[in-house]
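Take a look at the model below. Then follow the report from one strand outward to the core and the ligand.

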Amino acid sequence: MELSLPVSRALLYELPSIVERLELGRLFPEAQPLEVELGCGDGSFLVDYAGQNPATNFLGVERLLGRIRKLERKGRRRGRTNLCGVRIESAYFLEYLLPPHCVRALHIYFPDPWPKHKHRKYRLINARFPTLAHQVLVPGGRVYLRTDDADYFQQMQSVFAADQRFHPVETSADLAAVRTDFERDFNAQGIVTRRAAYARD
Ligand SMILES: C[S@@+](CC[C@H](N)C(=O)[O-])C[C@H]1O[C@@H](n2cnc3c(N)ncnc32)[C@H](O)[C@@H]1O
């Protein structure tokens, strides 16, 4: 059984500026390595994973207020001091707000697949994404991906294969065992899900 005390500090960080880069020291009580989930939904994955990894700080990025509020509620209830959420669009956040080379891992799980051909330009993992990831990751930092969409999975693999600065790596069993909200639904319906991971140079 998990024993933790509710947290009193707010876990949702209100950005003081959308043009100046974040001061990470203002987000977490402890200076620790940082991992970021893009499109974190209701925070199910992060709340569980942050509990298993108290010596790491976790930041959830989500554009929908209702969903990020769930991260805040769950995280506070379960006493997560190493967890924080921010409401903003992921690609903008990577490009303009995260300081360079400050992230140990990016988690992107079940990003919107935009299945119609004419909408694929809206996908988060596109030809430009490895450059955005490279800009924020520390040397050796990792990108972890999961999706149920076969076509999107193909695209994820091709964009990283085309970038010499990344190479494929395994996802540890401990990490793979922590499922997201959407993943649980897909698994319950018998829908196949796929995962891949890449490390930067
Ligand atoms: C299919 S859900 C998956 C949520 C969670 N990762 C999971 O696996 O349970 C995709 C989430 O990404 C969010 N999202 C989609 N595009 C986004 C973007 N460009 N920036 C921030 N959040 C985004 C959506 O609002 C939604 O909550």
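This report covers a strand, its partners, the nonpolar core and the ligand shell. The model is predicted.

**Strand 1 and its partners**

Strand 1 spans residues 34-38, and five of its five residues are buried. Both of its faces are covered. Leu34, Val36 and Leu38 lie on one side. Glu35 and Glu37 lie on the other.

Strand 1 pairs with strand 2 and with strand 4. The table sets out the two pairings.

| Partner of strand 1 | Sense | Bridges | Residues opposite |
|---|---|---|---|
| Strand 2 | parallel | five | Glu37 and Gly60 |
| Strand 4 (residues 103-109) | parallel | five | Leu38 and Ile108 |

Helix 1 (residues 44-52) also belongs to this picture. Together with strand 1 and strand 2, helix 1 makes a right-handed β-α-β unit.

**The nonpolar core**

The largest nonpolar core holds 45 residues. Leu46, Val103 and Leu106 touch the most other members. Take Leu106. Leaving out residues up to four places away in sequence, Leu106 touches Val36, Leu38, Ala133, Leu137 and Val143. Two of these names are familiar: Val36 and Leu38 are on one side of strand 1.

**Around the ligand**

How many residues surround the ligand? There are 19, and the closest are Gly39, Gly41, Ser90, Thr180 and Phe182. Strand 2 (57-62) and helix 7 (181-188) are the elements that give two or more residues to this shell. Helix 7 gives the most, with three residues. By type, the shell has eight nonpolar, four polar and seven charged residues.

Conventions:
Residues are numbered from 1 along each chain as its sequence is written. This is a predicted model: local features need pLDDT of at least 70, side-chain atom pairs count only at pLDDT 80 or more; totals for chains, interfaces and linings use all residues. A residue is near a molecule or strand if its C-beta atom, placed from the backbone, lies within 6 Å of it. Helices (H or I, at least four residues) and strands (E, at least two) are DSSP runs, numbered from the N terminus. Ala, Val, Leu, Ile, Met, Phe, Trp, Tyr, Cys and Pro count as nonpolar, Asp, Glu, Lys and Arg as charged, and the others, Gly among them, as polar. A nonpolar core is a set of buried Ala, Val, Leu, Ile, Met, Phe, Trp, Tyr and Cys residues joined through C-beta atoms within 7 Å. A residue is buried if 20 or more other C-beta atoms lie within 10 Å of its own, exposed if 12 or fewer, and partly exposed in between; C-beta atoms are placed from the backbone. Two residues are in contact if their C-beta atoms, placed from the backbone, lie within 7 Å. Two strands pair if DSSP finds at least two bridges between them. A crossover is right-handed if, with the strands pointing away from the viewer, the path from the first strand over the helix to the second runs clockwise.
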